[in-house]
Amino acid sequence: MGWLWAIIVGLVLGVLAKLIIPGKQHSPLWLTTIFGILGAIVGNAIARGFGIEETSGIDWGRHALQLAAAVVIVMLGDMAYSSMRGKRRHRA
């Protein structure tokens, strides 16, 4: 069940990050989901570093850090994906 939640959270974070980033992103949905999963992992690590642990309610601080990390990762990942796609087109 943990993998299913990771995929769902990654999908949601990745899509939200794409909506926040200005302009068009070219990475496919499966790659955006992976970027979102990575954003959740990095955001959790940053939250732990700041001392934000799980609480009895909603962890808004942790979720905000997950989304911020997802935005950065989706932006950088999409730039890398677009760059690699462009190089592949020039070789053909």
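In what order do the elements of the chain run from the N terminus on? I looked this up first, and the elements run α-α-α, with helices (H or I, at least four residues) and strands (E, at least two) taken as DSSP runs and numbered from the N terminus. The secondary structure comes to 3 helices and 0 strands.

Before going further I noted the conditions: this is a predicted model, in which local features need pLDDT of at least 70 and side-chain atom pairs count only at pLDDT 80 or more, while totals for chains, interfaces and linings use all residues. Residues are numbered from 1 along each chain as its sequence is written, and side-chain values use heavy atoms, with hydrogens and water left out.

**Entry: the chain as a whole**

I looked up the extent of the C-alpha trace, which spans about 55 × 25 × 20 Å along its principal axes. Of the 92 residues of the chain, 28% count as buried, where buried means under 20% relative accessible area, exposed means over 50%, and partly exposed lies in between (1.4 Å probe, protein chains only).

**Entry: the largest pocket**

I then turned to empty space. Rolling a probe the size of a water molecule over the atoms shows where such space is left. For a pocket I kept to the rule of a 1 Å grid over the protein atoms alone and a 1.4 Å probe, a pocket being an open set of points with protein on both sides within 12 Å along at least five of seven lines, and lining residues having an atom within 4 Å of a point. The largest pocket holds about 290 Å³ of space, the volume being the space filled by probe spheres set on the points, which are joined across faces, edges and corners.

I found 14 residues in the lining of the largest pocket, and W5, V9, L13, A40 and Q66 lie nearest its centre. Helix 1 (2-20), helix 2 (29-49) and helix 3 (60-91) each supply at least two residues of this lining, and helix 1 gives the most, with 6 residues. By class I recorded 10 nonpolar, 3 polar and 1 charged residues in the lining, with Ala, Val, Leu, Ile, Met, Phe, Trp, Tyr, Cys and Pro taken as nonpolar, Asp, Glu, Lys and Arg as charged, and the others, Gly among them, as polar.

**Entry: the nonpolar patch**

On the surface I looked up a nonpolar patch of about 890 Å², made by L4, W5, I8, V9, L11, V12, V15, L16, L19 and L29. Patches are made of residues with over 30% relative accessible area and no salt bridge, with nonpolar side chains (Val, Leu, Ile, Met, Phe, Trp, Tyr) joined within 5 Å and like charges within 9 Å; the areas come from the Shrake-Rupley method with a 1.4 Å probe, and for residues only the protein chains shown count as cover. Helix 1 gives the most to the nonpolar patch, with 9 residues.

One member of the patch that I checked singly is I8, which lies in helix 1 and counts as partly exposed because its relative accessibility is 36%. I8 and T33 are 25 residues apart in sequence, and 8.2 Å apart in space from C-alpha to C-alpha.

**Entry: the salt bridge**

How many salt bridges are there? The count comes to 1, a salt bridge being a side-chain nitrogen of Lys or Arg within 4 Å of a carboxyl oxygen of Asp or Glu. The side chains that meet in it are those of R62 and D59, at 2.9 Å from N to O. R62 is buried, with a relative accessible area of 18%, and D59 is buried as well, at 7%.

**Entry: three further residues**

G61 has its place in helix 3 and counts as partly exposed at 32% relative accessibility; G61 and F50 are 11 residues apart in sequence and 9.9 Å apart in space, C-alpha to C-alpha.

D78 is also found in helix 3, where I noted D78 as buried, with a relative accessible area of 7%. The C-alpha atoms of D78 and V42 are separated by 17 Å, with their positions 36 residues apart along the chain.

G57 is found in the loop between helix 2 and helix 3 and is partly exposed, with a relative accessible area of 47%.
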